[in-house]
Amino acid sequence: MSALSDRPANPVVGQTIPHESAGLHVTGQALYTDDLTVRTHGVLHAHPVQAPHAHARITRMDTEPALAVEGVVRVLTKADVPGVNDAGVKHDEPLFPDEVMFYGHAVAWVLGETLEAARLGALAVEVDYDPLPALVNVKEAIAAERFQGATPRMERGDIDAGFAAAAHVFSGEFEFAGQEHFYLETHCSLAMVDESGQIFVQSSTQHPSETQDIVAHVMGIPSHEVTVQCLRMGGGFGGKEMQPHGFAAIAAIGATLTGRPVRLRLNRTQDLTMSGKRHGFHAQWRVGFNASGRLQALDATLTADGGWSLDLSEPVLARALCHIDNAYWVPNVRVNGRIAQTNKTSQTAFRGFGGPQGMLVMEDILGRCAPLLGLDAMELRRRNFYREGQSTPYGQPVKDADRMGTCWDQVTKTGEVERRRNQIATFNASHPTSRRALAMTPVKFGISFNLTAFNQAGALVHVYKDGSVLITHGGTEMGQGLHTKMLQVAATALGVPLSTVRLAPTRTDKVPNTSATAASSGADLNGGAVKNACEQIVDRLRGVASSILGVHPSDVRFSDGTVTSVGGGQVIPWGDLVNKAYFQRIQLWAAGFYRTEGLHWDSSVMHGSPFKYFSYGVAAAEVEVDGFTGAYRLRRVDIVHDVGDSLSPLLDIGQVEGAFVQGAGWLTLEDLRWDESDRPSRGRLATQAASTYKLPSFSEMPEVFNVALLERAHEEGAVYGSKAVGEPPLMLAFSVREALRQAAAAFGPAGISVDLASPATPEAVYWAVAEARRASEHGHVTEGGTGVVPDQSTADLRPAHPRSEQATNAATAGV
Amino acid sequence: MTGPDVPEPLHEVTVSVNGVRHTATVPARRLLSDFLRHDLALTGTHVGCEHGVCGACTILVDGAPMRSCLMFAVQARAHELTTVEGLGTIDAMGPVQQAFSECHGLQCGFCTPGFITTITAYLEENPDPTAEEARDAISGNLCRCTGYQNIVKSVLRAAEIRASADLGAPPLIDADARAGEAPP
């Protein structure tokens with residue numbers, strides 16, 4: 001065990017405890033950003049002026065009529081930006097646009113004494129537009145060759161030789177939809193101006209440091225004049241990683257110009273029509289298998305539907321490329337990536353961050369090809385698992401690859417998979433109008449930010465003279481339980497009861513230069529930093545205790561609020577020791593820091609070891625499909641998932657269940673529709689409410705849902721032997737989609753390959769059933785030869801070249 | 001429609017919330033959810049989808065669960081309202097609150113108040129639900145975080161806590177009031 005992963009005796013980590021804010025949540029006392037509005041004096045409300053075109057040039061704007069509306073205080077336009085008119089980090093997202101880039105794009109913001117006054121003011125702003133042609137789906141953008149940003153390529157082996165030697169070659173295409181985050185709390189910022197014009201923004205943000213950066217560059221002031229605080233979020237899921245910044249900047253401009261606090265809370269329709277979503281993708285692929293069904297070569301071109309600006313599309317694409325292998329060894333690989341520019345919201349981070357999209361391509365390939373190979377899909381998947389010693393296409397050894405097999409075997413056993421498959425066969429033989437199927441799919445997901453620089457974190461731990469402890473760290477709480485885990489880490493590292501430790505909200509003036517709470521890495525990174533800070537304090541207290549106890553400092557033990565020597569004897573209460581230390585002028589607080597060791601990544605050639613470790617999991621899902629309507633039920637789900645030695649089992653199981661259901665929502669229910677007609681409403685999001693965008697509810701839950709955490713799963717490389725949990729289990733939901741495909745195929749002759757659209761709504765399943773029944777062809781898979789070669793970039797590759805890597809290069813070059 | 005030049009007429013609204021009388025002067029179109037949050041500063045009631053689908057804003061009107069985003073404040077006149085704040089405190093939680101806390105029936109917590117109010121009313125009617133009934137009872141509320149498993153557990157646990165404790169508090173649903181005066 002490493003120093004990082006080793007747990008002391010009786011640790012607070014690993015205990016089953018409720019969420020740290022549970023009491024506040026259930027009594028309605030927990031505060032979210034918008035709850036501060038009524039507690040703040042003299043607040044102005046911001047309302048956007050949203051453009052009714054998907055793509056247009058603004059030819060005239062007159063804000064005077066708005067100012068005539070009673071209660072309107074000010075209209076914010078481009079002329080009010082004191083610094084850089086840019087809401088992002090790529091300089092392609094003007095905060096106030098000259099050119100409307102998507103339907104609903106905010107072109108101005110109205111500040112009012114009431115939200116109603118601001119709304120009426122926004123209606124009164126006169127804007128003339130010169131409409132331009134709009135591309136509103138990824139295929140239109142591919143046809144028009146409208147791409148943006150990097151065109152990375154990941155390669156290994158000899159692709160031509162791989163296909164030449166393959167016994168079976170298949171080619172196909174696949175397009176699948178994105179997903180709306182639908183966090184229950186919409187975006188919200190409340191900005192105010194402190195003395196000397198310093199700005200304080202409370203924001204529903206997963207990335208307070210970047211919100212601070214963007215507010216500073218929009219305001220044209222240094223970062224030390226901006227403080228951002230996030231109390232908590234009502235869900236984030238990636239949707240508040242990059243998207244909050246512009247809203248915070250608008251509130252900051254408003255507060256600066258009026259001297260009054262400005263509240264910018266998006267209503268649900270605004271949130272849906274203005275903020276980015278999960279990227280939908282288009283994939284062209286060809287794949288080669290040997291005679292026994294082992295993958296020999298994969299050639300694919302992935303096109304992400306990026307929306308109007310880059311936002312996080314480049315790193316999302318990079319992660320998609322890095323996860324197209326999912327759990328499977330493929331010796332010869334070539335995957336190209338590109339980002340379509342479309343006139344839609346700027347698509348962004350969403351739980352999994354491209355990983356799910358890359359993996360979905362592979363699982364779709366295997367699901368479609370298994371019948372063509374004459375193999376059971378379950379057998380095809382299991383046969384191609386990575387084995388110890390093998391590496392990913394980007395060159396990272398797959399550590400603990402055997403855990404996939406362990407998870408798989410456990411699910412097979414506890415899920416009674418063989419017995420149920422026999423039952424299913426009997427059921428299908430005796431039920432002419434419905435079919436059941438069971439599918440199992442694995443997950444392998446890389447943990448760490450792809451970009452090495454982001455894998456750092458800070459924490460601030462204060463021990464007060466009475467022994468009470470206050471911790472702050474750089475991560476944000478969005479329900480995932482990060483704060484609970486950090487309290488457990490601090491209590492464990494200090495050897496005090498949980499009740500001794502309190503946690504203060506995330507603020508940029510407490511811990512600077514933080515990374516987003518994203519990439520599932522919140523607990524790994526911030527936990528490392530909290531632990532480091534606590535250990536500095538304990539080391540100092542160790543000296544004080546050793547002189548009292550008369551033992552060597554290394555023989556002092558801190559546990560459950562008492563300090564003793566390793567052999568027992570005298571017991572010093574924690575509070576007494578702290579108090580004594582204070583009078584000896586011992587520093588009782590510490591700033592902690594953590595950086596993940598051993599990572600390296602070169603995005604220009606898509607090669608390296610960007611991940612600290614991989615998270616594994618396996619799910620088995622059983623469905624029943626009605627042949628008349630395509631309607632289906634999820635009968636049973638069994639999951640075994642690897643979270644290392646869990647820091648907090650109750651929270652981790654909750655994350656697994658929630659992620660799985662959210663993944664199932666993406667793959668089966670949630671159907672984003674944009675108006676693709678040529679009417680003036682072209683590009684308008686048609687599903688802009690909970691009534692038209694179907695979210696998972698109780699009715700779609702598995703009738704039986706068994707979740708187990710993999711045992712004996714210690715992870716050397718992370719805090720107290722744990723593993724990340726936020727994103728990986730989302731992809732366990734592939735099992736549902738593949739079960740639906742198999743159930744649909746079971747309406748046709750044995751061994752038929754069917755296409756299944758994503759999301760696999762009942763309508764999509766109905767069409768898959770219809771395809772199976774026709775039985776005239778094997779879906780849309782081309783067979784033979786060396787396959788259909790996917791589009792290769794005609795221009796030079798444009799490698800991703802992130803700023804932080806440039807900085808590193810510049811530093812090494814002595815610039 | 002009230003145009004910019006015609007000031008919207010205001011109405012004095014007096015309601016009883018959690019046993020306390022409140023009076024505020026608001027436009028006729030003020031939603032009850034906004035009234036609670038912004039006029040009365042009772043921010044425990046959350047606004048999620050804003051059109052009656054998600055159930056986050058559910059409160060009890062004369063003991064019956066209602067979506068406060070689908071009611072106007074003026075419609076709440078003369079009714080007894082109960083919000084999540086009225087169902088217990090951290091030191092003295094109601095049974096549903098205690099169950100959600102114990103069973104981890106929440107993550108981000110934003111949907112939680114709507115579940116607490118809905119289930120509190122439900123258990124008044126059906127104090128001993130089966131798991132199937134529990135799922136049915138809350139099928140009209142959305143949660144984006146939990147995957148619902150622990151929410152079902154929380155309902156069943158709340159029924160247990162309720163059954164095992166003589167809470168000594170008057171029932172939230174006043175049967176006479178509900179029979180005689182249907183909420184809007």
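## Close-up views of chains A and B

**View 1. S171(A) stands opposite T782(A) in β30(A).** Strand β8 (residues 168-176) of chain A and β30(A) are antiparallel partners, joined over 2 bridges. Pairing of two strands requires at least two bridges found by DSSP. Helices (H or I, at least four residues) and strands (E, at least two) are DSSP runs, numbered from the N terminus. The model is predicted: local features need pLDDT of at least 70, side-chain atom pairs count only at pLDDT 80 or more, and totals for chains, interfaces and linings use all residues. Residues are numbered from 1 along each chain as its sequence is written, while chains are lettered from A and ligands numbered from 1 in the order in which they are written.

**View 2. β8 and β30 belong to an open sheet of 6 strands in chain A.** The strand order is β7-β15-β14-β13-β8-β30, and the pairing is mixed. At the edges are β7 (153-156) and β30 (782-783) of chain A, each paired on one side only. Helix α9 (residues 313-323) of chain A packs on this sheet. α9 touches β7, β13 (281-289), β14 (295-305) and β15 (332-340) of chain A. Its direction makes about 160° with that of β15(A). Contact means that the C-beta atoms of two residues, placed from the backbone, lie within 7 Å. Axes are lines fitted to C-alpha atoms, for helices over the stretch in contact, and angles run from 0 to 180 degrees between N-to-C directions.

**View 3. An open sheet of 4 strands in chain A runs in the order β19-β18-β17-β24.** Its pairing is mixed. The edge strands are β19 (501-503) and β24 (589-595) of chain A, and each pairs on one side only. Direction ignored, neighbouring strands of this sheet are turned by 25° against each other on average. Strand β18 (residues 469-473) of chain A pairs with β19(A) in the parallel sense, over 3 bridges. There, L470(A) stands opposite R502(A) in β19(A).

**View 4. Helices α14 and α15 of chain A lie across strands of the sheet.** Helix α14 (residues 482-494) crosses β17 (456-463), β18 and β19 of chain A, running at about 145° to β19(A). Helix α15 (residues 522-549) crosses β17, β18 and β24 of chain A, at about 40° to β17(A).

**View 5. Where does P8(A) lie?** It sits in the segment before α1 (22-27) of chain A. P8(A) counts as partly exposed because it has 14 C-beta neighbours inside 10 Å. A residue is buried if 20 or more other C-beta atoms lie within 10 Å of its own, exposed if 12 or fewer, and partly exposed in between; C-beta atoms are placed from the backbone. Leaving aside neighbours within four places in sequence, P8(A) contacts T492(A) and S559(A). The C-alpha atoms of P8(A) and F558(A) are separated by 9.4 Å, although the two residues are 550 apart along the chain.

**View 6. Helix α6 (residues 208-219) of chain A is largely enclosed by the rest of the structure, because 11 of its 12 residues are buried.** Among the buried residues are P208(A), E210(A), I214(A), H217(A) and M219(A). Their cover includes β10 (199-203), β11 (226-230), α7 (244-258) and β20 (506-507) of chain A. From first C-alpha to last, α6(A) reaches 16 Å, close to the 16 Å expected at 1.5 Å a residue. The expected span is 1.5 Å times one less than the number of residues. G220(A) follows α6(A), with a positive phi near 70°.

**View 7. The contact between the chains takes 46 residues from chain B and 46 residues from chain A.** On the chain B side, α1 (32-39), α2 (95-102), α3 (112-125) and α5 (149-164) each supply at least two residues. α2(B) gives the most, with 4 residues. The chain B side divides into 21 nonpolar, 19 polar and 6 charged residues. Ala, Val, Leu, Ile, Met, Phe, Trp, Tyr, Cys and Pro count as nonpolar, Asp, Glu, Lys and Arg as charged, and the others, Gly among them, as polar.

**View 8. Chain B is divided into domain 1 (10-87) and domain 2 (95-164).** These bounds come from an automatic or database domain assignment. The C-alpha centres of the two domains of chain B lie 21 Å apart. In contact are 17 residues of domain 1 and 15 residues of domain 2 of chain B. On the domain 1 side, β3 (58-61) and β4 (64-67) of chain B give two or more residues. β3(B) gives the most, with 3 residues. That side has 10 nonpolar, 7 polar and no charged residues.
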